[in-house]
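Biologist: I would like a close look at one part of this model, the surroundings of the ligand. Please take it in one go and link it to the rest of the chain where you can.

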Amino acid sequence: MSSADDQKRASGEAAAQLVENGMVVGLGTGSTAAWFVKALAARKLTNIKGVPTSDATAALARELGIPLVALDDVKTIDLTVDGADEIGPGLSLIKGGGAALLREKLVWEASTRCVAIADAAKRVPALGKFPLPIEVVRFGHVHTGHRLADIAAEFDLPPPRLRTAERGVVVTDGGNLIYDMASGRIDEPAALATALKSVTGVVDHGLFLDLADEALVGTDDGVVRLVP
Ligand SMILES: O=C(CO)[C@H](O)[C@H](O)COP(=O)(O)O
């Protein structure tokens with residue numbers, strides 16, 4: 001049986017084969033995306049440019065010699081490859097476990113083709129086992145948290161919790177905070193996405209709906225390609 005890390009690596013390596021010379025490539029964030037970045041660098045393609053979705057990915061890409069450009073320096077991105085916390089029906093995704101969801105979504109939305117890469121455990125029959133990350137501005141975030149709790153109650157979900165780590169409150173690359181909404185099961189992701197975006201203090205959330213064009217999932221039997 002292959003380990004989760006073997007599967008992540010295999011999916012990242014398969015995705016690196018999709019990149020062609022001259023492409024502008026969105027570089028995702030997380031351990032699976034890091035395998036993709038490493039495999040991409042190893043191909044030594046000339047004339048590619050990477051658009052990183054986080055400071056961590058930018059640092060890795062720089063170290064490996066992948067030339068980088070800012071999102072605003074390109075018109076479109078040819079291909080974005082990124083990890084996912086959950087892959088649900090129709091390639092609906094939860095992302096943001098690595099707190100990079102805002103830059104990730106901006107890069108995905110600017111891309112012609114988006115490929116999610118993951119290990120097999122990320123596939124779920126319904127989204128929600130993984131807590132849904134919600135990025136909020138710092139100012140008044142406690143009040144925003146109350147609004148989020150109201151929305152959660154409407155969807156029969158428990159109140160979201162401010163994300164903390166060993167060093168205290170987690171702050172995103174953009175200087176925002178993350179609330180995680182643990183649910184068990186999100187029955188109406190589109191309705192929840194709309195409700196969350198209606199809250200003034202919410203910058204964005206980790207529901208990536210209708211964004212993935214395909215997924216490459218590492219399994220015990222090799223990499224499986226999924227389409228919506
Ligand atoms: O959305 C993300 C970061 O914000 C990651 O892509 C997601 O958390 C998956 O991470 P990993 O590949 O390490 O399992």
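Which element gives the most to the shell around the ligand, and with how many residues?

Modeller: The model is a predicted one. Helix α2 gives the most to the shell around the ligand, with three residues. The shell is made up of 18 residues, and those that come nearest to the ligand are Gly30, Thr32, Gly83, Gly97 and Gly98. Two or more residues are given by each of α2 (31–43), β3 (79–83) and α4. Sorted by class, the residues of the shell are five nonpolar, nine polar and four charged.

Two of these elements can be followed through a single residue each. In helix α4, which covers residues 101–109, the residue to look at is Glu104. The UniProt record, an unreviewed entry, places the feature "active site" at Glu104; such annotations may be inferred rather than shown by experiment. Glu104 counts as buried because 31 C-beta neighbours lie inside 10 Å, where 20 or more are needed. With neighbours within four places in sequence left aside, the contacts of Glu104 are Gly28, Thr29, Thr53, Asp82 and Lys95.

In strand β3 the residue to follow is Val81. Val81 is also buried, since 29 other C-beta atoms lie within 10 Å of its own. Not counting residues up to four places away in sequence, Val81 touches Ala15, Gly26, Gly28, Ala33, Phe36, Val115 and Ile117. Gly28 is thus among the residues in contact with Glu104 and among those touched by Val81. Val81 also lies 5.9 Å from Ala116, C-alpha to C-alpha, with their positions 35 residues apart in sequence.

As for the rest of the chain, contacts between distant positions can be put in numbers. Of the contacts in the protein with a separation of 6 or more, 75% are accounted for by residues 24 or more positions apart. The protein has six helices and 15 strands. Its radius of gyration is 17 Å, close to the 17 Å that the globule rule gives for 228 residues, so the protein is as compact as a globular protein of that length. The C-alpha trace spans about 50 × 40 × 35 Å along its principal axes. Of the 228 residues, 48% count as buried, and Glu104 and Val81 are among them.

Technical notes
Residues are numbered from 1 along each chain as its sequence is written. This is a predicted model: local features need pLDDT of at least 70, side-chain atom pairs count only at pLDDT 80 or more; totals for chains, interfaces and linings use all residues. Helices (H or I, at least four residues) and strands (E, at least two) are DSSP runs, numbered from the N terminus. A residue is buried if 20 or more other C-beta atoms lie within 10 Å of its own, exposed if 12 or fewer, and partly exposed in between; C-beta atoms are placed from the backbone. Two residues are in contact if their C-beta atoms, placed from the backbone, lie within 7 Å. A residue is near a molecule or strand if its C-beta atom, placed from the backbone, lies within 6 Å of it. Ala, Val, Leu, Ile, Met, Phe, Trp, Tyr, Cys and Pro count as nonpolar, Asp, Glu, Lys and Arg as charged, and the others, Gly among them, as polar. The radius of gyration is taken over C-alpha atoms; the globule rule is 2.2 Å times the number of residues to the power 0.38.
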